Amino acid sequence: SSSMVFSVGTLARLVFGVSIACGLASVKLMHSATLSSFGGDFLTGSSMEDFNEGRPQESLRKQEFELSELTQQIKDLKSGRDTLLKLYESGTADLVSRIDVLESKINKKHAGKVGGDDLEQLHQQVEEDRKELERTRERLNELHDDSRDHFEDTTTSLSDMVDMINGLPATKTDVPAKQLKVHIWDDSTNYSPREDILVKEGWLEYNGKPIGDPDDSSTKPWFQLTDDPGEADLIVWATVMGRHGLEVAPMNPVKHAHKVIVLDYADGGTIHRMHKKMQNFHTELGYFKRSFIYHGKHNSFRESVTSPDSAIFPNAYSSSRAMMIALDLPQADPNHQAILGNSGSVYGKVVKMSTTDSYEDHGYFKDQRYENFLVPYRDRKWNFVNVLRYYPEGPQKDRNTVVEWSREFSQNVAGVPTTGEEFMKDMEGSAAEETADKVANGFTSYVGEIDNFCQGHCFGPNYFRLLRDAKIIVTCNPSTWEGDFRLWESFLSGALIMVDRMWVLDFMPNPPIHGEHWITYDPGNKTDFMSKIAHYTDPANIDEAEAIAKNGYEFALRNHMTVNRVEYVLNHESVRNQMMEHILDPSKREILGFPEL
């Protein structure tokens, strides 16, 4: 009968409710047990007493035991949570089945397929069934909320206890640390090879000394690499979110507590899905994002991706040792010609060079730390190059426009172009000039892509050599996000940089200045672009162009190398304050410039 079906459904829901209640009770009991398990020795501070009374080994033994117990409690809690979730899944399936029965009964009553009962009584039963259905769904939602709240409370308590354990003094030692240890986090996807090169270079070279400091070369780097995140003082995670769902984040509340610096190099404004979880587990020290702003029309500033109090900080790529040409490479031969293909256009007549000049004294800033081949500014064969990708149907509208303007300007000055392949054949058959005098006499440019002959974990020296043969490099930021490697590669070529305004650098130390370190243009204003490229390619203004190029090169070396990004992160107020609280070793604090405890 209908009353029997209703009774069975109600009983089934009651049994499910009891099972969920038991699951919640087990989590609550586990929560209490976890707290009480440390209520004796740990919360009374016996480890601290052992240390203060001259028993450091006993203190260390208790700390290790307490950490082991805490780790087991976390595993037990996760197991309990998983069991509870399975109960939810099973009970929800049962509820769905019971709800189907109720709804089928309601439909039959409305269709008049149930006879023998008074119509008014049927309508009353329908209303009762619907109310019971709504009450059942509300109870299920409450159970979900109750379980989530208890689990979050428990994990918060566990994380707080990890904080207390990590706050205990380390075992006394007579051997001061000479370096800190840094772990470069492997999220298992291997999806950011070039970013990883920059990160490792910066953290393993940083020594707290500015470029040009006389003690630079004799000062040991602050960090050494460790494969063990548990023993590291800092964990650095570079992510591009290329395989977002597969990335394993550093979230262990014991081994990774207050150690993790996230360097988000992803395109676009998305924040990593693990950001909040790392904060909840107290592993994250700071989250630094490259694509920190949203572009408006023509790469104008629309807004930053987060509010100021969201604990997301601005970041940018940088120049790198990996973007330099070592003096022993073939591309460091002054007479070397970068290989061009058919993807680019050559404008004007390029002189084939033949020189015995080693280019040792080229007038650019030099520092003892870096070895980088450069062509003297006035010996460079291209008045300007633009190597931006051109996809007419693609999303990068401003880049496409700047490529079109570059082609138009070049053709107006030098006529119809040849292909890169035709250019290479002409260079092979032409006679070499003894001097570079003719380079400045005619306009030349290259517009198009170039093969860097490099796949995977590397940067391409063929591409780098083309940049060093240019007096001016025209580039442009993406339309939907900001920042690329191309800008910083161009700075280290020694060319004058023409680029649209880059907003994120205004949020960081030492932004480049228009007219002093680079030239900025408006990608929505053709007249602005054309007048600036005409001015700086004019031989009458070569002194001005050369000065800006050399200033930009020195400025990048002093302020925008990988080591400068490390210094920016370490000196960020949020990161520095947390490190001062959690790094207690006196010798490590001295390296970091922290006050004594």
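This tour visits the nonpolar cores, one buried histidine, a helix pair and two loop residues of a predicted model.

**The largest nonpolar core**

Begin by selecting Trp203, Trp382 and Leu496. Among the 110 residues of the largest nonpolar core, these three touch the most other members. Next, display helix H12, residues 542-559, which gives the most to this core, with seven residues. Colouring by domain is useful here, as the core draws at least three residues from each of domain 2 (180-317 + 566-591) and domain 3 (366-560). In soluble globular proteins, nonpolar side chains tend to be buried together.

Then centre the view on tryptophan 382. Apart from neighbours within four places in sequence, its contacts include Leu340, Val346, Val350, Phe423 and Leu466. Tryptophan 382 is also in contact with Thr444, Ser445, Tyr446, Asp469, Ala470 and Lys471.

**The second core and histidine 183**

Select Ala232, Ile235, Met241 and Ala249 next; they are included in a second, separate core of 13 residues. Ala232 and Ile235 lead to the following stop, since both appear among the contacts of histidine 183.

Histidine 183 lies in strand S1, residues 180-184. Is this residue buried or exposed? Histidine 183 is buried, because its relative accessible area is 9%, under the 20% limit. Show its side chain together with threonine 226: the side chain of histidine 183 reaches the backbone oxygen of that threonine at 2.9 Å. Leaving aside neighbours within four places in sequence, histidine 183 is in contact with Thr226, Asp227, Asp228 and Pro229, and also with Ala232, Leu234, Ile235 and Val236.

**Helices H13 and H14**

Move to helix H13 (residues 562-571) and helix H14 (residues 573-582), whose axes are 5 Å apart and which pack at an angle of about 65°. To display the contact, select Val569, Leu570 and Asn571 on H13, then Glu573, Val575, Arg576 and Met579 on H14. The contact residues comprise four nonpolar, one polar and two charged.

**Two loop residues with positive phi**

Most residues other than glycine have a negative phi. Select histidine 298, in the loop between strand S6 (293-295) and strand S7 (301-304). Although not a glycine, histidine 298 has a positive phi of about 55°. With a relative accessible area of 34%, histidine 298 is partly exposed.

Finish at asparagine 510, in the loop between strand S14 (496-500) and strand S15 (519-521). Asparagine 510 is not a glycine either, and has a positive phi of about 60°. Its relative accessible area is 39%, so asparagine 510 is partly exposed.

Terms used:
Residues numbered from 1 in each chain as written. Predicted model: local features only at pLDDT ≥ 70, side-chain atom pairs only at ≥ 80, totals over all residues. Heavy atoms only, no water. Axes fitted to C-alpha atoms, helices over the stretch in contact; angles between N-to-C directions. Helix = DSSP H or I, 4+ residues; strand = E, 2+ residues; numbered from the N terminus. Contact = heavy atoms within 4.5 Å. Nonpolar A, V, L, I, M, F, W, Y, C, P; charged D, E, K, R; others polar. Buried < 20%, exposed > 50% of the residue type's maximum accessible area, 1.4 Å probe, protein only. Polar contact = N/O pair within 3.5 Å; in protein donor to acceptor, adjacent residues only side chain to side chain. Core = buried A, V, L, I, M, F, W, Y, C linked by side-chain atoms within 4.5 Å. Domains from an automatic or database assignment.
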